[in-house]
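Please look over the following model with attention to its covalent cross-linking and to the packing of its interior. The report below takes these two topics in turn.

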Amino acid sequence: QVQLVESGGGLVQPGGSLRLSCAVSGSIFKINVMAWYRQAPGKERELVASITNADTTNYADSGKGRFTISRDNAKNTVYLQMNSLSPEDTALYYCNAIVTSRWLSTNNYWGQGTQVTVSS
């Protein structure tokens, strides 16, 4: 059993910053790709950023230059540092991870989401 729990969301003013965290727990053998997605009202879920187990990162155009994804393997945690936030960043942010369990089964897992609201 693997669980992902996000934290760090909230209300922030335009131009402000937030740091999201996602902790992975359970019967973990290895965490492979970790990623952040977001979904705004009336829109489809979209990839924000991803990071591989080789620390290769990818960003959507909307976050390039403002967002930074990182991971702490010792803590089984992925972070998303978001700077210069604008109202267009308002969305429910989801953590995603490809996890190989201790019995060597590899699956795609999702967190419950954390709300980010950017407003004056």
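## Disulfide and nonpolar core

In this predicted model, the link of Cys 22 and Cys 95 is left-handed, with -85° about the S-S bond. The sulfur atoms of Cys 22 and Cys 95 lie 2.1 Å apart and form a disulfide, and the structure holds 1 disulfide. Because Cys 22 belongs to strand 3 (residues 18-26) and Cys 95 to strand 9 (residues 91-101), the pair ties together parts that are 73 residues apart in sequence.

Burial of the two cysteines is set out in the table, where a residue counts as buried when its relative accessible area is under 20%.

| Residue | Relative accessible area | Class |
|---|---|---|
| Cys 22 | 0% | buried |
| Cys 95 | 0% | buried |

Turning to the packing of the interior, the largest nonpolar core has 28 residues, and those with the most contacts inside it are Val 24, Trp 36, Val 78, Leu 80, Met 82 and Tyr 93. At least two residues of this core are supplied by each of several strands, among them strand 1 (2-7), strand 4 (28-39), strand 8 (77-82) and strand 11 (114-118), while strand 9 gives the largest share, 5 residues.

Val 24, one of the core residues with the most contacts, can be followed further: when its neighbours within four places in sequence are left aside, Val 24 is in contact with Val 2, Gln 3, Leu 4, Ile 31, Met 34, Asn 76 and Val 99.

Technical notes:
Residues numbered from 1 in each chain as written. Predicted model: local features only at pLDDT ≥ 70, side-chain atom pairs only at ≥ 80, totals over all residues. Heavy atoms only, no water. Disulfide = S-S within 2.5 Å. Helix = DSSP H or I, 4+ residues; strand = E, 2+ residues; numbered from the N terminus. Buried < 20%, exposed > 50% of the residue type's maximum accessible area, 1.4 Å probe, protein only. Core = buried A, V, L, I, M, F, W, Y, C linked by side-chain atoms within 4.5 Å. Contact = heavy atoms within 4.5 Å.
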